[in-house]
Amino acid sequence: MNTDDINLAYKIRHALNENLDALPASTTERLAAARALALSRKKADAPAGKRKARRFFDVDFGFAGTGLGRLAIAVPVLALVVGLGGLYQYEQQQRIAELAELDAAVLADELPLTAYLDHGFNAYLESQQRQQ
């Protein structure tokens, strides 16, 4: 509603309230009966705590309780965290295996002499020693 509509509603209400005391008793009784009838036909408000069960692909899972709703969110999040942790551990194991293979090759002198002359290889070995 815009301000013009609100102002018109206030003016109408004020005009009706001015002559409220001048109404005959039979009119006020009929208005009271009509109000009581309207209130009796009014639909009851839905309770605030009750929620409708969620539907997913036309299957009723019934997550109406707050505990089940939270569980429905917590389980996938927990699975995601465990999966990411496993992926991290796998990558760390791969990195450790590559470094062990490189160290074994250096200790066994299986690398060609040009590998020791390569400045990038020396820088790599120094950075590995600093990290340890």
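The largest pocket in this predicted model has a volume of about 190 Å³. Its lining is made up of Leu99, Leu102, Asp103, Val106, Leu107, Tyr124, Leu125, Gln128, Gln129 and Gln132, and by class these comprise six nonpolar, three polar and one charged residues. Two helices, helix 3 and helix 5 (residues 119-131), each contribute at least two residues to the lining, and of the elements involved helix 3 gives the most, with five residues.

Helix 3, which spans residues 66-107, also contains Leu80, a residue that takes part in a nonpolar patch on the surface. This patch, with an area of about 430 Å², is formed by Leu80 together with Leu84, Leu87 and Tyr90. Leu80 has a relative accessibility of 52%, and it is classed as exposed because the cut-off for that class is a relative accessible area over 50%.

With regard to the overall architecture, the secondary structure of the protein consists of five helices and two strands, and when followed from the N terminus these elements are arranged in the order α-α-β-β-α-α-α, so that, with numbering from the N terminus, helix 3 is the helix that follows the two strands. Of the 132 residues in the protein, 6% are buried, where burial denotes a relative accessible area under 20%. The surface exposed by the protein amounts to about 12000 Å², and 61% of this area is supplied by carbon and sulfur atoms.

Note on methods
Residues numbered from 1 in each chain as written. Predicted model: local features only at pLDDT ≥ 70, side-chain atom pairs only at ≥ 80, totals over all residues. Heavy atoms only, no water. Patch = residues over 30% accessible without salt bridge, like charges linked within 9 Å, V, L, I, M, F, W, Y side chains within 5 Å. Areas by Shrake-Rupley, 256 points an atom, 1.4 Å probe, with all protein chains shown as cover. Salt bridge = Lys/Arg side-chain N within 4 Å of Asp/Glu carboxyl O. Helix = DSSP H or I, 4+ residues; strand = E, 2+ residues; numbered from the N terminus. Buried < 20%, exposed > 50% of the residue type's maximum accessible area, 1.4 Å probe, protein only. 1 Å grid on protein atoms, 1.4 Å probe; cavity = no way out; pocket = protein on both sides within 12 Å on 5 of 7 lines; lining within 4 Å. Points joined across faces, edges and corners; volume = space filled by probe spheres on them. Nonpolar A, V, L, I, M, F, W, Y, C, P; charged D, E, K, R; others polar.
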